Amino acid sequence: MSEKNKIIFETIDPMQNVIFLTSDRFEHITHGHPEMFGEEKIIKLAVEDPDNVYRDKDFDTTFSYFKQHNSVILRTYGTNIKVVVDRNLQGQIKTAYVTNSNKEKTENVYKKPKAPKEKNT
């Protein structure tokens, strides 16, 4: 694999899909969204522990992962990270950026379970 296509990380999403980010896709992400420079860990977390995952309305193998982030710096751009993954490309991340949205108007294929409420005993 060339240095341009070097895998930055590979992980598993909650639906047991292998998802990965390459250096050329990360270059694409940071070129269009410079606020994402150095945010590989947040992108990975959004895939590993998303709040919601939606199927794309036009491409059946493309999915959008949403995760609310806690980054003070990124808050100026939005409250959520959106990571777009193409499972037709064996789970390659296509893009990622900060947004205020946390959902799509399409099929929700995963919703993070709510933490159980503690019982007062």
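**Close-up 1. Lysine 44 and its partner in helix α2.** In this predicted model, lysine 44 is partly exposed, with a relative accessible area of 29%, and its side chain meets that of glutamate 48 in a salt bridge with an N to O distance of 3.9 Å. Both residues belong to helix α2, which spans residues 40-48, and they are separated by 4 residues, or about one turn of the helix. Glutamate 48 is likewise classed as partly exposed, its relative accessible area being 33%. The distance of 3.9 Å can be read against the cut-off, which places the side-chain nitrogen within 4 Å of a carboxyl oxygen.

**Close-up 2. A salt bridge between two loops, formed by aspartate 13 and arginine 87.** The side chains of aspartate 13 and arginine 87 meet in a salt bridge of 3.7 Å, taken from N to O. Because aspartate 13 lies in the loop between β1 (7-12) and β2 (18-22), whereas arginine 87 lies in the loop between β5 (80-86) and β6, the pair ties together parts that are 74 residues apart in sequence. Aspartate 13 is buried, at a relative accessible area of 1%, while arginine 87, at 24% relative accessibility, is counted as partly exposed.

**Close-up 3. Glutamine 16 and its backbone angle.** Glutamine 16 is found in the loop between β1 and β2, which is also the loop that holds aspartate 13. Although glutamine 16 is not a glycine, its phi is positive, at about 70°. Most residues other than glycine have a negative phi. Glutamine 16 is exposed, its relative accessible area amounting to 61%, a value to be set beside the 1% of buried aspartate 13.

**Close-up 4. The salt bridge of arginine 55 with aspartate 60.** Arginine 55 and aspartate 60 form a salt bridge in which the closest N and O atoms are 3.3 Å apart. With 22% relative accessibility, arginine 55 counts as partly exposed, whereas aspartate 60, with 53%, counts as exposed. Arginine 55 is also part of strand β3, which covers residues 52-55.

**Close-up 5. The aromatic pair of tyrosine 54 and phenylalanine 66.** The count of aromatic pairs in the model comes to 1. The ring centres of tyrosine 54 and phenylalanine 66 are 6.0 Å apart and their planes stand at 80°, so the arrangement is edge-to-face. The pair links distant parts of the chain, with tyrosine 54 in strand β3 (residues 52-55) and phenylalanine 66 in strand β4 (residues 62-68), 12 residues apart. Tyrosine 54 is buried, with a relative accessible area of 8%, and phenylalanine 66 is buried as well, with a relative accessible area of 1%.

**Close-up 6. A salt-bridge network and the overall count.** Asp49, Asp51, Lys67 and Lys112 are linked to one another in a network of salt bridges. Side chains of opposite charge can pair when their charged atoms come close. The count for the model comes to 9 salt bridges, including the pair of arginine 55 and aspartate 60.

**Close-up 7. A positive surface patch that includes lysine 105.** Lys103, Lys105, Lys111, Lys114 and Lys117 form a positive patch on the surface. Among them, lysine 105 sits in the loop between β6 (92-99) and β7 (108-111), and at 87% relative accessibility lysine 105 counts as exposed. Lysines that enter such a patch have no salt bridge, in contrast to lysine 44, whose side chain meets that of glutamate 48 in one.

Terms used
Residues numbered from 1 in each chain as written. Heavy atoms only, no water. Patch = residues over 30% accessible without salt bridge, like charges linked within 9 Å, V, L, I, M, F, W, Y side chains within 5 Å. Areas by Shrake-Rupley, 256 points an atom, 1.4 Å probe, with all protein chains shown as cover. Lys, Arg positive; Asp, Glu negative; His and termini not counted. Charge placed at Lys NZ, Arg CZ, Asp CG, Glu CD. Buried < 20%, exposed > 50% of the residue type's maximum accessible area, 1.4 Å probe, protein only. Phe/Tyr/Trp six-rings, centres within 6.5 Å; stacked < 30°, edge-to-face > 60°.
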